[in-house]
Amino acid sequence: TWECFEGWGGLNCSLWEGSPSGCGKNQYETDCSVHCDPNATCSGHGRCTRTGGCECFEGWSGANCSISTDGCGNETDCITHCDPNSTCSGHGRCTRAGGCECW
């Protein structure tokens, strides 16, 4: 089963269901003034927090999650190629096995 991140649902986490704050897609803070796109702001290696910052996935660090901490420099260096935008509908991250972890 898919475990989608806050605000996302559907079969492959591609359906925007909204956020508890009432903000639109990729908008954060109580007044919806902060923009954060996980694929752009967090380099596709993290997810946006409620304040619009990045929470990096395992194996990544830095303010925008662009620093590899485990020797997998990018998705093509991993076991199976996976693109967060096409393979995961732009709403998830690629796992080492080439699957998606949706947000």
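The legends below describe close-up views of a predicted model of one protein chain.

**Figure 1. Overview of the predicted chain and its strands.**
The protein chain contains ten strands and zero helices. Read from the N terminus, its elements follow the order β-β-β-β-β-β-β-β-β-β. Of its 103 residues, 36% count as buried. The chain exposes about 5,700 Å², and carbon and sulfur atoms supply 48% of that area. Among contacts with a separation of 6 or more, 23% are between residues 24 or more positions apart.

**Figure 2. Confidence along the chain.**
The average pLDDT of the protein chain is 75, and 78% of the residues score at least 70. Confidence is highest in strand E6, at a mean of 91, and lowest in strand E2 (residues 15-16), at a mean of 70. Where pLDDT is low, the predicted coordinates should not be read in detail.

**Figure 3. The disulfide between Cys36 and Cys48.**
The structure holds three disulfides, and one of them joins Cys36 to Cys48 with an S to S distance of 2.1 Å. The torsion about this S-S bond is about -85°, so the disulfide is left-handed. Cys36 lies in the loop between E4 and E5 and Cys48 lies in strand E5, so the bond ties together parts that are twelve residues apart in sequence. Both ends are buried: Cys36 has a relative accessible area of 0%, and Cys48 has one of 10%.

**Figure 4. The disulfide between Cys42 and Cys54.**
The sulfur atoms of Cys42 and Cys54 are 2.1 Å apart and form a disulfide. Its S-S torsion is about -95°, so this disulfide is left-handed. The bond links distant parts of the chain, with Cys42 in the loop between E4 and E5 and Cys54 in strand E6 (residues 54-56), twelve residues apart. Cys42 is buried, at a relative accessible area of 0%, whereas Cys54 is partly exposed, at 21%.

**Figure 5. The disulfide between Cys56 and Cys65.**
Cys56 and Cys65 are joined by a disulfide with an S to S distance of 2.2 Å. The torsion about the bond is about -95°, so the disulfide is left-handed. Cys56 counts as partly exposed, at 26% relative accessibility, while Cys65 is buried, at 0%. Cys65 sits in the loop between strand E7 (60-61) and strand E8 (67-68). Although Cys65 is not a glycine, its phi is positive, at about 60°.

**Figure 6. The largest nonpolar core.**
Six residues make up the largest nonpolar core: Tyr28, Cys36, Cys42, Cys48, Trp60 and Cys65. In soluble globular proteins, nonpolar side chains tend to be buried together. Two core members, Cys36 and Cys48, are disulfide partners. Cys42 also belongs to the core, but its disulfide partner Cys54 is partly exposed and so does not meet the under 20% cut-off for a buried residue. Cys56, the disulfide partner of core member Cys65, is likewise partly exposed, at 26%.

**Figure 7. Contacts of Cys42.**
Neighbours within four places in sequence are set aside in this view. The contacts of Cys42 then include the cysteines Cys36, Cys48, Cys54 and Cys65. Cys42 is also in contact with Asp37, Arg47, Gly53 and Asn64. Of these contacts, Cys54 is the disulfide partner of Cys42. Cys36, Cys48 and Cys65 are members of the largest nonpolar core, as is Cys42.

**Figure 8. Ser43 in the loop between E4 and E5.**
Ser43 lies in the loop between strand E4 (34-35) and strand E5 (46-48). The phi of Ser43 is near 60°, a positive value in a residue other than glycine. At 25% relative accessibility, Ser43 counts as partly exposed. Cys42, in this loop as well, is buried, with a relative accessible area of 0%.

**Figure 9. Ala63 and Thr41.**
Ala63 is placed in the loop between E7 and E8. At 76% relative accessibility, Ala63 counts as exposed. Ala63 and Thr41 are 22 residues apart in sequence, and their C-alpha atoms are 9.1 Å apart in space. The loop that holds Ala63 also holds Cys65, which is buried at a relative accessible area of 0%.

Technical notes:
Residues numbered from 1 in each chain as written. Predicted model: local features only at pLDDT ≥ 70, side-chain atom pairs only at ≥ 80, totals over all residues. Heavy atoms only, no water. Helix = DSSP H or I, 4+ residues; strand = E, 2+ residues; numbered from the N terminus. Buried < 20%, exposed > 50% of the residue type's maximum accessible area, 1.4 Å probe, protein only. Core = buried A, V, L, I, M, F, W, Y, C linked by side-chain atoms within 4.5 Å. Contact = heavy atoms within 4.5 Å. Disulfide = S-S within 2.5 Å. Areas by Shrake-Rupley, 256 points an atom, 1.4 Å probe, with all protein chains shown as cover. pLDDT = per-residue confidence, 0-100.
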